[in-house]
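Colleague: Mind walking me through this one? I'd like to see how you get to each answer.

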Amino acid sequence: MSTLIVTDVTKQFGGQPVLQNVTLTVPSGSRTSVVGASGSGKSTLLRLIAGFDDPDAGQISLGGVPLAGGVSTVPAHRRGVGYVAQDGALFPHLTVGQNIVFGLPRSARRSARVAEVAALVAIGTDLLGRYPHELSGGQQQRVALARALAPEPQVVLLDEPFSALDTGLRAYTRRAVIAALEQSRVTTILVTHDQEEALSFGDQIAIIDGGRISQAGPPALVFDNPHTAGIAEFLGDAI
Ligand code: ADP
Ligand code: MG
């Protein structure tokens, strides 16, 4: 089981509260969309879960194992958490294949695993020898997801992975990525600005406002019963 539990997490930067008492449960194998205005703390939340930074207070656990906020902190590379940044953040000097294989320990199954995850995100083997700049933005994002999924993480975090893509590419890339995530059944958090994306992607949608989760629940419930006028306005544009 790989249920992710964030409990009462608080984070400040330079005395400014950025996350305040954030509590969120993402059940094993489920998908949660996190939406909120720019600067509301979405990326900070993902960075704390990934282990790139530590909370000031509160706990983060995965499958019952404390990752942060307990007596010891599990370092990022041992958390079983994959991360996909907004721009993919592929290593520019490595080929697609080398990017995907990067986090994998040497083993007989390594090249088979690269082929497997490339297929999962619909990246043909003909692309494995290319460099990131020779790919479209959508292909780069799919490679970034393949790289994140290759070590079989328990959780994948996607930080606005489609926002830099133009509209045509975005719809196709989103479909390919969602299909890959559905197949891999990995516990996922997607941060997005796009309300339609949030409502269609998640088993749960969490709305973050000024560093607090103002509402979380199944998309239909949140859509039908928004707790604030701001949430209603944000979600109202979707249909
Ligand atoms: P979002 O992803 O929702 O746009 P962020 O989590 O990136 O928001 O940032 C939330 C707030 O925290 C912003 O005001 C941002 O400037 C601040 N912040 C984020 N990271 C740092 C940091 N490393 N140092 C100082 N301030 C930061
Ligand atoms: Mg952000």
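Modeller: Sure. One term before we start: a residue is buried if 20 or more other C-beta atoms lie within 10 Å of its own, exposed if 12 or fewer, and partly exposed in between. Keep in mind that this is a predicted model.

Colleague: Okay, strand β6 then: which residues are buried on its two sides?

Modeller: Strand β6 covers residues 81-84, and both of its faces are covered. Going by that neighbour count, the buried residues are V81 and Y83 on one side, and G82 and V84 on the other.

Colleague: And what is the bridge partner of G82 in β7?

Modeller: β6 and β7 run parallel and are joined by four bridges. Within that pairing, G82 is matched with V156.

Colleague: On to α5. How far does that helix reach from its first C-alpha to its last?

Modeller: Helix α5 spans residues 167-184, which is 18 residues. At 1.5 Å a residue you'd expect 26 Å, and the model comes out close to that, at 26 Å.

Colleague: Why do the buried residues of α5 line one face?

Modeller: The buried set is T173, R174, V177, A180 and L181. In general, an α-helix has 3.6 residues a turn, so residues three or four places apart point the same way. For α5, the view down the axis puts the buried residues within one arc, so they line one face; that arc is 135°.

Colleague: What do those buried residues pack against, and which exposed residues sit on the face turned away?

Modeller: The buried residues of α5 pack against β3 (31-35), α3 (110-120), α4 (137-149), β7 (155-159), β8 (187-192) and α6 (195-201). The face turned away from that buried side carries the exposed residues G168, R175, E182 and Q183.

Colleague: You mentioned α3. Within what arc do its buried residues fall?

Modeller: In α3 the buried ones are V114, V117, A118 and L120. Looking down the axis of α3, they line one face of the helix, because they fall within an arc of 155°.

Colleague: Which helices do they pack against?

Modeller: One of the partners is α2 (96-101). The others for the buried residues of α3 are α4 and α5.

Colleague: I'd like to check the backbone too. What phi does A122 take, and is A122 exposed, partly exposed or buried?

Modeller: Most residues other than glycine have a negative phi. A122 comes just after α3, in the loop between α3 and α4, and takes a positive phi of about 60° although it is not a glycine. Its C-beta has 16 neighbours inside 10 Å, so A122 counts as partly exposed.

Colleague: E160 next: where does it lie, and what is its phi near?

Modeller: E160 is in the loop between β7 and α5. With 19 other C-beta atoms within 10 Å, E160 is partly exposed. Its phi is positive, in a residue other than glycine, and near 45°.

Colleague: Now the ligand. Which helix gives the most to the shell around ligand 1?

Modeller: The residues surrounding ligand 1 include F13, G14, K42, S43 and T44. By class, the shell has two nonpolar, eight polar and one charged residues. The top contributor, with three residues, is helix α1 (residues 42-50).

Colleague: F13 and G14 are in that shell. What phi does G14 have in the turn between β1 and β2?

Modeller: β1 (residues 4-13) and β2 (residues 16-26) pair antiparallel over seven bridges, with F13 opposite Q16. The hairpin leaves two residues between the strands, and G14 in the turn has a positive phi of about 55°.

Terms used
Residues are numbered from 1 along each chain as its sequence is written. Chains are lettered from A and ligands numbered from 1 in the order in which they are written. This is a predicted model: local features need pLDDT of at least 70, side-chain atom pairs count only at pLDDT 80 or more; totals for chains, interfaces and linings use all residues. The expected span of a helix is 1.5 Å times one less than its number of residues. The arc is that of the directions from the helix axis to the C-beta atoms. Two residues are in contact if their C-beta atoms, placed from the backbone, lie within 7 Å. Two strands pair if DSSP finds at least two bridges between them. A residue is near a molecule or strand if its C-beta atom, placed from the backbone, lies within 6 Å of it. Ala, Val, Leu, Ile, Met, Phe, Trp, Tyr, Cys and Pro count as nonpolar, Asp, Glu, Lys and Arg as charged, and the others, Gly among them, as polar.
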